[in-house]
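Here are some short exercises to work through with the structure open beside you. Try each task yourself, then follow the solution step by step.

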Amino acid sequence: LDQMAEKRLSVELDKDPKEYEKHLQDGLRIHKIYTIPKHVIVRGPKSILDRRETIRNLPVPVGDLGVGIWQPSRPLDTSDGGLANCLRPDPARVTVWIEVVPVQKNATVKNVPIEVRGLPGVVYKVLTVDKTQPFTEIPEVAIQGPEKQLAEPALRAYIDLVGVNEPEKKVKVMFSAAPDIEILSTPPEVVVEMTAQKPE
């Protein structure tokens, strides 16, 4: 006969997070995964508890999970050494906190035109900072985001001069893009010359 005992055990995931990622849909990855709580009190045969410091949850099915935060409840594995259900953890179930995010990839968008948002009837001439040549487009812009959105990032480069009446102004180009797209490139500075002449 074995003496019954109680012990505080740490709760461990049943598998490495990378193993879980293999079962996710394409284009997704696990950002965070952990159990709540992280420790439980377990009652069971003393000979078994003496050689244990951890207990694991039963596997979590993740194949249908999309982007978001998920909190499935899973039982703890109470079998040990061929003795089915010989352990009695309290609580008997844990919450597995899973955050699924899109896989981030890098891309480069070439020849992004610079739009000028200004006043009607004003001609805007965009130049390099040294004013030696026109600067009407940005040769390359590095971006990062979910692979599906990189195909059409809706990237725009613009200068907002609404309400500016100065004949010349040094400004920084601004970027806008589709949601979840991060601009990695530093926006360039340009000089804009403004005249009241209407374009021919």
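**Exercise 1: Neighbours of one strand**

In S4, the bridge partner of Ser10 is Thr54. Keep in mind that this is a predicted model.

Task: Find how strand S1 runs relative to strand S3 and to strand S4.

Solution: Begin with S1, which covers residues 4-12, and S3, which covers residues 39-45. These two strands are antiparallel and share 7 bridges. One pair to look up is Ala5 with its partner Gly44 in S3. Next, turn to S4, residues 54-56. S1 and S4 run parallel, with 3 bridges joining them. As general background, strands of a sheet pair through backbone hydrogen bonds, either parallel or antiparallel.

**Exercise 2: An open sheet**

Task: Work out which strands are the edge strands in the open sheet of 5 strands.

Solution: Write down the order first: S14-S12-S9-S11-S15, with mixed pairing. The edge strands are S14 (174-176) and S15 (182-183), since each pairs on one side only. Now look at S9 (residues 104-117) and S12 (residues 156-160), which pair in the parallel sense over 4 bridges. There, Arg117 stands opposite Asp160 in S12.

**Exercise 3: The largest pocket**

Task: Describe the lining of the largest pocket by class.

Solution: Start with the space, which is about 190 Å³. Then locate the lining residues, among them Gln25, Leu28, Val67, Pro102 and Asp180. Helix H3 (residues 147-150) gives the largest share of the lining, 3 residues. Finally, sort by class: 5 lining residues are nonpolar, 3 are polar and 4 are charged.

Methods: Residues are numbered from 1 along each chain as its sequence is written. This is a predicted model: local features need pLDDT of at least 70, side-chain atom pairs count only at pLDDT 80 or more; totals for chains, interfaces and linings use all residues. Side-chain values use heavy atoms; hydrogens and water are left out. Two strands pair if DSSP finds at least two bridges between them. On a 1 Å grid over the protein atoms alone, a cavity is a set of points where a 1.4 Å probe fits but cannot get out, and a pocket is an open set with protein on both sides within 12 Å along at least five of seven lines; lining residues have an atom within 4 Å of a point. Grid points are joined across faces, edges and corners, and a volume is the space filled by probe spheres set on the points. Ala, Val, Leu, Ile, Met, Phe, Trp, Tyr, Cys and Pro count as nonpolar, Asp, Glu, Lys and Arg as charged, and the others, Gly among them, as polar.
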